[in-house]
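Please open the model in a viewer and keep the selection panel at hand. The stops below are arranged so that each selection leads to the next.

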Amino acid sequence: MQQPFAESWKIKMVEPIRNSTRHEREQWLKAAHYNVFQLNAEEVYIDLLTDSGTGAMSDRQWAGMMIGDESYAGATSFRKMKETIQRITGFQYVLPTHQGRAAENVLFSCLINENDIIPGNSHFDTTKGHIESRKAFAVDCTVDDAKDTQKEVPFKGNVDITKLDTLLAKEADRVPFIIVTITNNTAGGQPVSMDNLRQVRRLAQKYNKPVLFDSARFAENAYFIKVREEGFADKTIKEICYEMFSYADAMTMSAKKDAIVNMGGFIATNIQSWFDMAKVKGIVYEGYITYGGMNGRDMNALAIGLDENTEFDNLETRIRQVAYLAQRLDEFGIPYQRPAGGHAIFVDAPKVLVQVPKEEFPAQTLTIELYLEAGIRGCEIGYLLADRDPVTRQNRFGGLDLLRLAIPRRVYTNNHMDVVAVALKNVYDRRNSITRGVEIVWEAELMRHFTVQLRQLG
Ligand code: F0G
């Protein structure tokens with residue numbers, strides 16, 4: 001008999017969680033204006049809002065916390081972090097920031113001007129926000145396959161090279177750099193192949209444009225390259241990461257994901273002029289260049305986390321848990337972005353709530369139903385998150401409308417995944433009785449999904 005698969009770690013510390021009644025959840029959700037971001041954490045049983053900053057650190061990371069160097073300038077913790085980043089990515093210059101969007105803010109302040117175009121593969125919302133708030137345009141060049149949730153292709157996060165080429169041929173003057181998000185969060189945690197990264201690089205060189213990787217989940221991307229792309233099965237994750245980054249000039253990193261820390265980020269690059277500009281902005285926005293919004297102890301934990309999470313076993317444990325949840329949903333026939341991605345399952349809400357019109361936000365409606373059903377907090381990655389078009393101010397209904405179940409790293413067991421799957425099945429079984437969604441009562445101009453207030457219809 002084949003040995004079953006088990007986690008590559010054991011548990012040393014636990015945190016109690018509490019279930020609730022449906023009646024309690026109804027009250028809490030109403031008080032939260034039907035926006036799960038506004039719930040209190042203790043009102044949530046299983047929290048799949050995000051995999052960002054919610055992972056469980058290892059004993060080695062906690063040990064690193066104890067020996068953090070909190071010196072304002074020149075801390076040993078910074079140097080340890082820098083050396084680890086240099087070794088894994090090949091980038092020489094490293095600038096810490098307090099999280100990923102801060103890295104975007106610092107770098108984009110140097111690089112983006114009004115009316116610029118930043119092509120990429122499904123820019124994350126903060127990335128899009130930092131582009132659009134500078135009156136520039138984020139143009140999505142993701143492959144069309146990503147729009148068909150039921151189509152099984154191995155690298156659904158890829159950049160469509162023809163789309164990118166067409167755009168560059170027309171608008172190269174307005175493009176300061178190309179951004180590639182690995183893995184592609186918004187398209188469903190879908191990976192980008194090494195071949196695609198190479199092709200983007202080649203095209204960028206043709207137009208003399210630098211390439212930036214939004215690298216929040218780069219280690220998960222490397223895992224998929226190893227297991228799905230021909231020629232990489234015998235390479236280590238670290239070798240794959242090194243090659244991936246060789247096709248970029250710089251990276252922004254939210255270390256809250258693949259470095260498994262609760263807070264942290266950085267910019268790394270080989271372009272000295274970018275580093276010199278970013279240093280100035282970094283000091284203004286984040287702090288001195290050897291801490292940039294981070295504690296010394298957090299930089300230690302980040303360095304250790306990056307090292308650990310660019311090892312195969314840790315990634316395999318994580319990604320197989322996501323695949324396990326997907327397999328349970330398959331048993332129930334629940335449609336999600338296929339194949340399962342790296343950090344989350346993205347349920348195709350309009351395919352579940354077929355009666356809820358797009359103007360009433362199906363994915364948000366499904367998010368609400370899942371919370372009411374079992375106290376599970378997912379997150380809408382759909383029409384609310386897409387914001388309004390900056391020019392026409394119309395809702396952007398062109399993309400996918402998904403309920404994301406993001407799985408924190410090393411936090412929940414597969415028993416929790418079973419609870420999630422069955423709760424979703426129960427909602428799925430009564431899907432035809434859900435005919436109305438929600439309407440917006442109040443919204444912010446940008447990144448509205450965090451604070452939007454909603455009303456239930458019907
Ligand atoms: N880029 C990607 C691809 C992300 O997924 C995120 C954050 C960021 C940048 C910004 O990083 O949060 O450290 O400022 N994603 C989280 C999520 C919030 O839930 O997907 P940050």
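Two strands are said to pair if DSSP finds at least two bridges between them. The model on display is a predicted one.

**The three-stranded sheet**

Begin with I345 and select its bridge partner in β12, L405. Extend the selection to the whole of β9 and to β12 (residues 402-406): five bridges join these strands, which run antiparallel. Now add β11, and an open sheet of three strands appears, with antiparallel pairing and the order β9-β12-β11. The edge positions belong to β9 (344-348) and β11 (379-381); each has a single partner strand, so one side of each is left without a neighbour in the sheet. On average, and with direction ignored, neighbouring strands of this sheet are turned by 35 degrees against each other. Next, display helix α12 (residues 312-332), which packs on the sheet and touches β9 and β12. The direction of α12 makes about 30 degrees with that of β9.

**A loop position**

Select N432, in the loop between α15 (414-429) and β13 (438-442). Is N432 buried, partly exposed or exposed? Its relative accessibility is 48%, and because partly exposed covers the range from 20% to 50%, N432 counts as partly exposed. Leaving out residues up to four places away in sequence, N432 touches V354 and Q355. A distance label from N432 to V352 should read 8.7 Å, C-alpha to C-alpha, although the two are 80 residues apart in sequence.

**Strand β2 and its partner**

Move to β2 (93-97), where five of five residues are buried. Y93, L95 and T97 point one way from this strand, while V94 and P96 point the other way. Then show β8 (265-269); β2 and β8 pair in the antiparallel sense over five bridges. Within this pair, P96 stands opposite F266 of β8.

**Helix α10 and its cover**

Select helix α10 (residues 272-285), which has 14 residues. From its first C-alpha to its last, α10 reaches 20 Å, close to the 20 Å expected at 1.5 Å a residue. Colour W274, F275, A278 and G282, which are buried in this helix. Which elements cover the buried residues of α10? The cover includes β2, α4, β7 (250-254) and β8. α10 is followed by G287, which has a positive phi near 130 degrees.

**N105 in helix α4**

From that cover, pick α4 (residues 100-111) and select N105 within it. With a relative accessible area of 19%, N105 is buried, because the cut-off for buried is under 20%. Apart from residues up to four places away in sequence, N105 touches H130, R134 and Y285. Show the side chains of N105 and R134: a polar contact of 2.7 Å joins them.

**The nonpolar cores**

Finally, turn to the largest nonpolar core, which has 60 residues; V180, L197, F213, F218, M244, L302 and L306 are the members that touch the most others. Helix α8 (residues 218-228) gives the most to this core, with six residues. Centre the view on L197 and display its contacts beyond four places in sequence: V180, I182, V192, F213, M244 and Y247. To end the tour, select A363, L366, L424 and I434, which are among the 34 residues of a second, separate core.

Conventions. Residues are numbered from 1 along each chain as its sequence is written. This is a predicted model: local features need pLDDT of at least 70, side-chain atom pairs count only at pLDDT 80 or more; totals for chains, interfaces and linings use all residues. Side-chain values use heavy atoms; hydrogens and water are left out. A nonpolar core is a set of buried Ala, Val, Leu, Ile, Met, Phe, Trp, Tyr and Cys residues joined through side-chain atoms within 4.5 Å. Buried means under 20% relative accessible area, exposed over 50%, partly exposed in between (1.4 Å probe, protein chains only). Helices (H or I, at least four residues) and strands (E, at least two) are DSSP runs, numbered from the N terminus. Contact means heavy atoms within 4.5 Å. Axes are lines fitted to C-alpha atoms, for helices over the stretch in contact, and angles run from 0 to 180 degrees between N-to-C directions. A polar contact is a pair of N or O atoms within 3.5 Å; within protein, one must be able to donate a hydrogen and the other to accept it, and residues adjacent in sequence count only if both atoms are side-chain atoms. The expected span of a helix is 1.5 Å times one less than its number of residues.
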